[in-house]
Structure formats: structure tokens, C-alpha cells
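Take a walk through this protein chain, one region at a time. Keep the model open and find each part as it comes up.

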Amino acid sequence: MNWKIPLYKIATDNDDIKNIKKVLERKMDWAIGPEIEKFEKKIAKYVGSKFCVSFNSGTSAGHAALIAGNINSGHVIVPSFTFISTSNWPLMVNSKPKFCDIEEECLGLDPEKLSHSIKKSTKAIIPVHYAGLGCHIEEISQITKKKKILLIEDCAEALGATVNGTSIGTFGEMSVFSFAPNKIISTGEGGAVCTNSEKFYKKLKLIRSHGRISNEKYFKTNSQPNYITVGYNWRMSSMTAALGLSQFDKIEKNIKLRRTHAEYFSKRLTGLSEIKLPIEPNDRKHVYQLYTIRLENSKIRNSLQKFLSKCGIMTKIFFDPVHKYNFYKINNSYRKNFLSTTNIVSSQALSLPLFPTLKNEEKSFICDKIFQFFEENSG
């Protein structure tokens with residue numbers, strides 16, 4: 001469909017083109033080029049971690065994090081209110097995902113329910129920072145430290161978010177970021193793992209590049225490298241990293257614009273009793289990778305989505321719960337009252353268009369149409 005207002009647009013400028021062009025024109029180092037290390041250092045500094053390893057996607061980054069953490073049995077606790085890769089990661093390493101319910105404030109793992117979900121077989125916990133808002137990560141971190149369980153943060157949607165002034169991505173042993181098209185910065189496809197552990201850092205570098213250990217660039221030497229473990233080809237390309245560098249130069253500007261747009265929506269829609277708006281607790285900075293409203297039930301939510309689609313406004317349900325997808329229904333036990341908060345929230349959630357270059361008239365049009373829907377469906 002040719003949307004009048006799409007769900008997202010990537011903010012680009014001439015610097016993006018120039019950076020990619022530089023890599024193209026040198027006619028070499030399109031892989032393992034200098035841009036990759038520069039990009040990794042920029043991410044690490046911004047997040048506040050000692051190390052960063054880039055990957056060709058957030059999914060491969062998360063997969064690598066579990067391998068680096070030596071997770072190969074038992075189960076990993078994850079929310080079901082997330083993108084499916086979070087729950088797939090344990091399956092990729094011969095572990096199993098165990099779903100835990102979310103809380104309603106920040107829509108992340110509920111620390112109280114989490115503490116009751118931990119068993120002897122629990123090998124790791126992966127909380128998700130939904131939509132750009134930090135979950136109750138401080139409480140979760142305290143639990144994992146007490147239980148001595150590996151904590152891997154899924155920060156795919158929350159680059160730049162903070163909790164009590166501390167950057168998301170620094171509470172766990174590792175944190176996973178995504179640079180997919182609708183994220184805070186985008187390289188088309190791409191991801192990264194941040195960590196303060198030199199041990200994990202070295203393992204992650206081996207995992208992403210065939211298990212190869214070498215102090216020289218593979219394509220710049222005729223000496224033979226050594227391979228010391230099983231690895232994959234999960235490297236980010238030099239052109240991708242070059243794009244990431246120029247995208248990073250715009251990150252604070254773009255986050256500010258996202259927050260401005262979110263503030264507009266919240267002010268315009270605050271009078272509609274039928275809608276529950278996203279919140280920003282005083283101790284958190286929300287980067288609004290998504291602007292997700294909640295309706296009373298799925299019937300109203302689906303009707304509003306259909307109406308907005310007819311108006312040319314794209315919306316999306318982030319997320320249908322993973323435990324209701326066919327694969328997980330077939331392979332996991334499922335009960336009607338399983339994950340009650342997750343089921344309620346996912347039946348209500350609807351994400352509106354939000355991106356840095358969203359125009360004032362577009363924001364106004366979206367809000368006008370939402371008001372129109374409820375005026376036509378009142379009573």
C-alpha cells in the first residue's frame with residue numbers, strides 16, 4: 001500500500017552518502033575496513049561500556065551473546081511481549097525460552113514475577129526495553145546478581161535511553177543493539193553487543209568471524225591465520241559501518257525530534273479517555289523508538305487500525321505475544337490465563353507513525369483522524 005504517512009522514515013543526509021562513497025571509491029577494505037572499529041568505539045563510548053562488537057544484524061548479535069555466555073542448556077527467561085528473535089535466541093543455542101509476564105508501567109519483565117520464575121535450570125535472563133523506555137532493569141539486575149545468573153539486555157529499541165541517569169545497555173554482562181530500518185539509528189541491517197568484560201569481548205570477536213584469531217587484517221596479509229573455535233560469518237561490512245558513523249552524528253538531534261513528536265501526540269490525545277498514552281517515569285529518559293497507544297480491547301484497536309489505514313496512515317501492532325505464534329503454541333504449553341498482563345497489553349497496543357522527519361501537518365492529520373474515529377463511534 002502507498003501510505004500517505006508511513007510508520008517510519010529513516011533520517012538521512014549527504015553525510016550518509018559521502019561516508020559510503022568513500023568506502024566505494026577506495027576499491028578495497030569493503031570488509032574489515034577501518035570504519036568498523038571506529039563505529040564500535042563510538043557505540044561503546046556513547047553507551048558507556050568498555051567494549052563493543054558489531055554484527056550484521058541484531059539477531060546475530062543476540063545469538064552470539066548467548067554463545068559467548070556459554071548458554072547451551074536449561075532455559076532462558078524472556079518476555080513474550082517482544083520481537084520473536086528475543087525468544088528464538090535460546091533455541092539457537094540448544095536452550096529453551098521461558099516466558100515471564102510483564103508489568104504495566106514500562107511494559108518490561110515484571111521483577112516480582114521474574115523472581116518466582118527462576119529455577120535451577122535458569123541460565124540467563126533477557127529483559128527487553130520496550131519502545132525506547134528502560135524497563136525495571138535496576139531491580140532485575142539486583143535479582144540476577146543475587147542469583148548469579150547471566151543478564152543480557154535486549155536494547156534493540158532503546159539506544160540512548162537512560163534509567164536514573166545511567167545508560168541502558170550497561171546493567172547486564174552484555175547488551176544487544178539493533179540498527180534495523182526503524183531503529184534510533186539505522187544501517188539498513190546491523191547490530192552490536194556491548195560489554196565491560198574483556199573475556200566476552202574476545203569471544204564475541206571470534207564468534208562473528210569464523211573462530212579466527214589473527215592480529216592482521218585477513219585481506220591484507222598472505223600469512224595463514226589460526227582457527228580456534230567454531231564461528232560464523234556475522235561481520236558488519238565497511239559500508240554499513242560507514243553509514244553507522246554518519247547516522248551516529250545525528251543521534252541526539254533525532255532523539256530530540258522523536259521526543260518532541262511524542263510530546264505533541266501526548267498533548268493532543270490526552271483528552272481521549274478511550275486511549276492510554278505511553279508514559280515517561282521521572283527516573284527515565286524515553287527515546288520513543290515507538291509511540292504506542294493502548295485501546296480498551298482488541299476489537300476497538302483493530303477497528304481504529306482499519307480506519308487509519310483507509311486514511312492512508314500506517315500503524316502496526318508491536319507486539320503480538322510470541323507465545324501465541326503457531327510455532328510456540330505447538331512447541332510449548334499454552335493456557336488461557338498464561339501471561340495475563342502480556343495478553344491484555346498486546347491486545348490493546350497500537351503503534352502510531354513516529355520518525356524524526358515527521359511533519360507538523362502529518363502529526364495533526366494523524367490526531368485529527370483518531371478524534372474523528374471516536375466521534376463517529378461514540379455511544
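Strand 4 (residues 122-125) and strand 5 run parallel and pair over 2 bridges. This is a predicted model. Look for Ala-124: its bridge partner in strand 5 is Leu-150. How does the chain get from strand 4 to strand 5? Strand 4, helix 6 and strand 5 form a β-α-β unit, and the unit is right-handed.

Strand 5 has a second partner to look at. It is joined to strand 8 (residues 174-178) by 3 bridges, and these two strands also run parallel. Here Glu-153 stands opposite Ser-175 of strand 8. Strands of a sheet pair through backbone hydrogen bonds, either parallel or antiparallel.

Is strand 5 (residues 150-154) mostly covered or mostly open? It is mostly covered, with 5 of its 5 residues buried. In a regular strand the side chains alternate between the two faces of the sheet. On one side of strand 5 lie Leu-150, Ile-152 and Asp-154. On the other side lie Leu-151 and Glu-153. All of these residues are buried, and both faces of the strand are covered.

Now turn to strand 2 (residues 75-79). It pairs with strand 3 (residues 96-100) in the parallel sense, over 5 bridges. Ile-77 stands opposite Lys-98 of strand 3. To go from strand 2 to strand 3, the chain passes through helix 4 (residues 84-92). This β-α-β crossover is right-handed.

Antiparallel pairing appears too. Strands in the order 7-6-12 make an open sheet of 3 strands, with antiparallel pairing. Which strands stand at its edges? They are strand 7 (166-167) and strand 12 (284-285). Each has a single partner strand, so one side of each is left without a neighbour in the sheet. Strand 6 (residues 162-163) pairs with strand 7 in the antiparallel sense over 2 bridges. Within that pair, Thr-162 stands opposite Ser-167 of strand 7.

Next, go inside. The largest nonpolar core has 38 residues. Phe-39, Ile-43, Ile-125, Leu-159 and Phe-179 have the most contacts inside this core. Which elements give two or more residues to it? They are helix 2 (34-47), helix 6 (137-147), strand 9 (191-195), helix 8 (238-248) and helix 9 (251-269). Helix 2 gives the most, with 5 residues.

Follow one member of the core, Ile-43. Leaving aside neighbours within four places in sequence, Ile-43 is in contact with Cys-52, Phe-179, Ala-192, Cys-194 and Phe-248. Another core, of 30 residues, lies apart from the largest one. Its residues include Ile-152, Trp-234, Val-322 and Leu-339. Ile-152 is familiar from strand 5, where it is buried.

Two single residues deserve a stop. Take Met-236, in the loop between strand 11 (226-227) and helix 8. Is it buried or exposed? Buried means under 20% relative accessible area. Met-236 has a relative accessible area of 3%, so it is buried. Not counting residues up to four places away in sequence, Met-236 touches a set of residues that includes Ile-36, Phe-39, Phe-55, Phe-179 and Ala-241. Now compare sequence with space. Met-236 and Phe-55 are 181 residues apart in sequence, yet their C-alpha atoms are 4.9 Å apart.

Phe-55 leads to the second stop, Ser-60, since the two are in contact. Ser-60 sits in helix 3 (residues 58-68). Its relative accessibility is 7%, so it counts as buried. Beyond its neighbours within four places in sequence, Ser-60 is in contact with Phe-55 and Trp-234.

Finally, step back to the whole chain. How many helices and strands are there? The chain has 13 helices and 14 strands. Its radius of gyration is 21 Å, close to the 21 Å that the globule rule gives for 379 residues, so the chain is as compact as a globular protein of that length. Along the principal axes, the C-alpha atoms fill a box of roughly 75 × 55 × 40 Å. Of the 379 residues, 56% count as buried. The chain exposes about 17,700 Å², and carbon and sulfur atoms supply 50% of that area. Consider contacts between residues at least 6 apart in sequence: 70% of them join residues at least 24 apart.

Terms used
Residues are numbered from 1 along each chain as its sequence is written. This is a predicted model: local features need pLDDT of at least 70, side-chain atom pairs count only at pLDDT 80 or more; totals for chains, interfaces and linings use all residues. Side-chain values use heavy atoms; hydrogens and water are left out. Two strands pair if DSSP finds at least two bridges between them. Helices (H or I, at least four residues) and strands (E, at least two) are DSSP runs, numbered from the N terminus. A nonpolar core is a set of buried Ala, Val, Leu, Ile, Met, Phe, Trp, Tyr and Cys residues joined through side-chain atoms within 4.5 Å. Buried means under 20% relative accessible area, exposed over 50%, partly exposed in between (1.4 Å probe, protein chains only). Contact means heavy atoms within 4.5 Å. A crossover is right-handed if, with the strands pointing away from the viewer, the path from the first strand over the helix to the second runs clockwise. The radius of gyration is taken over C-alpha atoms; the globule rule is 2.2 Å times the number of residues to the power 0.38. Accessible areas come from the Shrake-Rupley method with a 1.4 Å probe; for residues, only the protein chains shown count as cover.
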